[in-house]
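Welcome to a short tour of this protein. Have the sequence and the 3D view open side by side, and we will go through it piece by piece.

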Amino acid sequence: MGRYTFKKFFENLKFNTAGRKNCTGRGPVRPPLSSSPAYMNFKLKLLINNSILLEYYLCVKLTLFCINHLQNRIVDQLQLSMLPKGLNFYISMLQSCISINQLRQLHAQILKTHLSHNLFLLTRVAHTYLKFGYPTVGQTFITTIIKNPPLFLYNETIKCYAKRGCYRESIDLYYHMVGKGYKPNAFTFTFVLPACAGLKSVTDGRRVHDDVMLFGCECNEFVATALIDFYGKCGELGVARQVFDEMPVKKTASFNALMAGMVLDEKFDGVLLLFNEMNKMGIEADAMTMVSVLQSCAHLGALQQGRWAHEHVIRARMGVNVYLGAALINMYARCGSIDEARQVFDKMPQRDIVTWTAIICGYGMHGLAHLSEYLFVQMVSSGLKPDAVTFVGVLAGFSHNGMVEKGWYYFNKMSNEFGVKPALEHYSCMVDMLGRAGRLKEAEELIRNMYVQPDSKIWGGLLNACKIHKNYKMAERVVPEILKLDPTNAGWHVLMSNIYATSRKWDQVAKTRRNMKEKKLEKSPGWSSIEVAGQIHTFLAFDQSHDLSKEIYEYLKDVKQKMRAEGYVPELDVVFEKVDDRKTKEEILFYHSERLAIAFGILSTANGDVLRVMKNLRVCVDCHNVIKFISRIACREMIVRDVKRFHHFKDGVCSCGDFW
C-alpha cells in the first residue's frame with residue numbers, strides 16, 4: 001500500500017460525529033453542551049482518540065520507510081544476480097535445490113556461463129540429479145558430457161541404479177567402468193553387489209567377487225558383508241558362510257547378513273546357533289538381528305526361545321519399530337500363543353499396515369475369523385488402506401471356518417473397493433475355501449477362469465479337496481495340470497495315490513507308486529516337533545531314536561486302553577496301504593509322529609503346562625480324534641500347528657469344530 005493511500009486512510013479516520021446515529025436510530029449524535037460535565041468528558045475522549053491515531057500513524061510511516069528500504073535492497077540483489085557468478089555460488093545453489101524442476105532451471109543457467117565445462121561443477125550437477133533419483137541422467141553425464149568422469153560419479157550412478165531397482169543397468173555400468181580402465185574401490189563393490197543380489201545373478205556376482213580379490217578389497221568389512229548378503233540371497237549359503245568365516249573382524253552387520261541368508265534358506269536352527277555365537281563374542285545385536293531370530297523361532301515353533309529373544313529386546317532397550325513389532329507378533333502367533341501376540345500389538349505406540357497385517361494374519365491362521373475381520377474393520381476405520389497380504393489373512397480365517405459367502409464378499413471387495421488385484425495367494429485361499437465346503441466344481445471353474453496363471457499349489461488345493469471328498473474322477477483331471485507345473489514333486493504322486501486308496505482303487509495305487517519308483521521320486525517324511533525346556537525334539541512315525549522312546553510307547557499303549565473305554569474307534573480309512581488285518585492297520589495309525597511328540601511332552605512337562613506341537617503335514621482324521629481324547633484324559637491343553645492351520649485342543653474339543 002503506497003504512502004498516499006495510507007495518508008488518505010488516516011484522513012478518513014478523523015473523529016466525526018456528524019454522520020453517526022444515536023442509539024435509537026432517530027437522528028445524528030450531537031456533542032453535549034460546553035457548560036456541562038458531559039462536554040468535558042467528550043473532549044477528553046476526543047483528545048485520547050486523536051493521540052492514539054497520531055501514534056498509530058507515525059508507526060505506519062516508520063513501517064513504510066523500512067519496506068521501501070527493503071525493496072531497494074532486493075532491487076540491488078536482483079541487479080547483482082545479473083552479474084557473472086562464481087563456482088562457490090553454484091555449488092551452494094545445487095546444495096539448496098529442493099526439486100527436480102529447480103535443478104533443471106539451475107542447470108540451464110549454468111550452461112549459459114563460463115563454468116559450463118567445469119569438471120567439478122558438472123560432477124556436482126550430475127550428483128544432484130542422482131540425489132533426485134535420475135540415474136539415466138547421471139549416466140549421460142558419464143558417457144557423453146564429462147570427458148573423464150571421476151570414480152565417485154560412477155559409484156554414485158551405480159548405487160542410484162541399484163536403489164531404483166534397475167539392477168541390470170547398475171551391473172552393466174560397472175562393467176563399462178572397469179572396461180574404461182577404472183580401478184573400483186570398496187564403495188564400488190558395496191554398490192554393485194546389492195544389484196547382483198537383486199537380480200539373483202550368481203554369474204555376475206561371482207565375476208564381481210573375482211574383481212574384489214583382484215583389487216585387494218576382500219578384507220574390507222563392508223565389502224565382505226555385501227558378499228555375504230549377495231550369496232545368502234542367491235541361495236549360495238555355503239559360500240556366504242565361507243566369506244563370513246574368513247573375515248578378520250566380524251561385526252553386527254556381517255552377522256545380520258548371514259542370518260538373513262539362513263532364514264531365506266530355511267536354516268532356522270543355524271540362525272539360533274549363530275545368535276548364541278554372537279552373544280558369546282560380545283557383539284551387540286540390533287533390531288535386524290532380532291527380526292531374523294524371531295522369524296526362526298516362528299518357523300520352528302520355539303516359543304520359549306522366542307520369549308527369551310523378546311526379553312533380550314527389552315533388556316537391550318531396543319526401540320520396537322514396526323518391523324520388530326510385526327516380527328514379535330508373528331512369532332507368538334505362529335508358536336501358538338495368539339494372546340501374547342495380541343499383547344504385543346496392544347502395547348505398540350505406533351501401528352502401520354505391517355503391524356496390523358501381522359495380527360490379522362495371526363488370528364486368521366488360528367481360525368479366529370471374527371477377530372480377524374473385526375481388526376480389519378478397525379484398521380480401515382483408522383485410515384489405513386489394506387494391502388494384498390492383509391486380505392490373505394482375512395480370507396484364510398474365512399477358509400478355516402467354511403465361511404464361503406463372507407469369503408466371496410471380501411474377495412470382491414478387495415478389488416472393487418480397495419483396488420487390490422487378486423494374486424495367486426488370494427485365489428489359493430478361495431480354492432481352499434470352496435474345496436473344504438465341498439464346492440469342488442465351483443473351485444475348478446474359478447481356477448480355469450483366473451486372471452493369472454495358476455501354479456501347482458492352487459491346483460494342489462483342489463486335489464486335496466478331492467481327497468477329502470473322495471472325488472477321484474476330478475482328481476484325475478487335476479493331476480495332469482499339476483504335473484505340468486511341478487513334475488518332480490513326489491508329494492503330488494503320493495496324494496493321488498492316497499485318493500485312489502480312499503476309493504479302493506488298489507491297482508491305480510500300485511501303478512502310481514510304480515511310476516514314482518521309475519522316476520526315482522521320494523517323498524519327504526512327515527515329522528512333528530515339540531519344544532521342551534528350550535530344546536526342540538523332532539519325531540518321525542514309528543520313531544524309536546529318542547532317549548525316552550520306551551516310556552513314550554508305554555504311555556501310548558496305556559492311553560489307548562483308556563480311550564477305548566471312553567468309546568474311541570480308529571478311523572481305518574486313513575490307512576493308505578493295502579492291509580487286510582485290522583490290528584496291523586491300528587498299529588500303523590497309532591504311532592504317527594504327532595502322537596509321539598504329545599506323549600513325550602506329557603512325560604517331560606509339569607501338569608497343567610500347555611503342549612505346543614508343530615507338524616509339517618496335515619493332521620489326519622484319526623490323529624485329530626486321538627488328540628481330543630488325550631486332552632481330556634491328561635487334562636492338558638494342546639495346540640497343534642499343521643501345514644494348514646492351528647488346532648486348539650482342550651477338554652476333548654478342538655477349536656476347528658472338526659472342520660479343517
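## Helix H9 and its surroundings

Let us begin with a quick check on one helix. The 14 residues of helix H9 (residues 186-199), at 1.5 Å a residue, should span 20 Å, and the C-alpha atoms at its ends are 20 Å apart, so the expected and computed lengths agree. Please keep in mind that this is a predicted model.

How does H9 begin? At its start, a side-chain oxygen of Asn-185 comes to within 3.1 Å of the backbone nitrogen of Phe-187. At the other end, Lys-200 lies just after H9 and takes a positive phi of about 55 degrees.

Which residues of H9 are buried? They are Thr-188, Phe-189, Phe-191, Val-192, Leu-193, Ala-195, Cys-196 and Ala-197. The cover over these buried residues includes helix H7 (151-163), helix H8 (167-179), helix H10 (202-214) and helix H11 (221-233).

## The nonpolar cores

Now for the interior. The largest nonpolar core has 146 residues, and within it Leu-462 and Leu-463 touch the most other members. Helix H17 (residues 322-334) supplies the largest share of this core, with eight residues. A second core, separate from this one, has 33 residues, among them Ile-530, Tyr-555, Met-563 and Trp-660.

What does Leu-462 touch, leaving aside its neighbours within four places in sequence? Its contacts are Val-431, Leu-440, Ala-443, Glu-444, Ile-447, Met-474 and Val-478. Glu-444 will come up again below, as a member of a salt-bridge network.

## Salt bridges

How many salt bridges does the structure hold? There are 28. As a reminder, side chains of opposite charge can pair when their charged atoms come close. One of these pairs is Lys-413 with Glu-417, at 3.0 Å from N to O. Lys-413 has a relative accessible area of 16%, so this residue is classed as buried, the cut-off being under 20%.

Another pair is Arg-436 and Asp-432, whose closest N and O atoms are 2.6 Å apart. Because these two residues are four places apart in helix H23 (residues 424-436), about one helical turn separates them. In general, an α-helix has 3.6 residues a turn, so residues three or four places apart point the same way. Arg-436 and Asp-432 are both buried.

A further salt bridge joins the side chains of Glu-586 and Arg-564, at 2.3 Å from N to O. Glu-586 belongs to helix H30 (residues 582-590) and Arg-564 to helix H29 (residues 549-565), so the pair ties together parts that are 22 residues apart in sequence. Are these partners buried or exposed? Glu-586 is buried, with a relative accessible area of 10%, whereas Arg-564 is partly exposed, at 39%. Elsewhere, salt bridges with shared partners link Glu-444, Arg-448, Arg-477, Glu-481 and Lys-484 into one network.

## The open sheet

Finally, let us turn to the strands. Six of them form an open sheet with mixed pairing, and their order is E2-E1-E3-E4-E5-E6. Strand E2 (535-540) and strand E6 (653-654) are the edge strands, each pairing on one side only.

Within this sheet, how do strands E4 and E5 run, parallel or antiparallel? Strand E4 (residues 638-641) and strand E5 (residues 646-650) run antiparallel and are joined by four bridges. To find the pairing in your viewer, look for Arg-641, whose bridge partner in E5 is Phe-646.

Note on methods: Residues numbered from 1 in each chain as written. Predicted model: local features only at pLDDT ≥ 70, side-chain atom pairs only at ≥ 80, totals over all residues. Heavy atoms only, no water. Pairing = 2+ DSSP bridges. Core = buried A, V, L, I, M, F, W, Y, C linked by side-chain atoms within 4.5 Å. Buried < 20%, exposed > 50% of the residue type's maximum accessible area, 1.4 Å probe, protein only. Contact = heavy atoms within 4.5 Å. Expected span 1.5 Å × (residues − 1). Polar contact = N/O pair within 3.5 Å; in protein donor to acceptor, adjacent residues only side chain to side chain. Salt bridge = Lys/Arg side-chain N within 4 Å of Asp/Glu carboxyl O.
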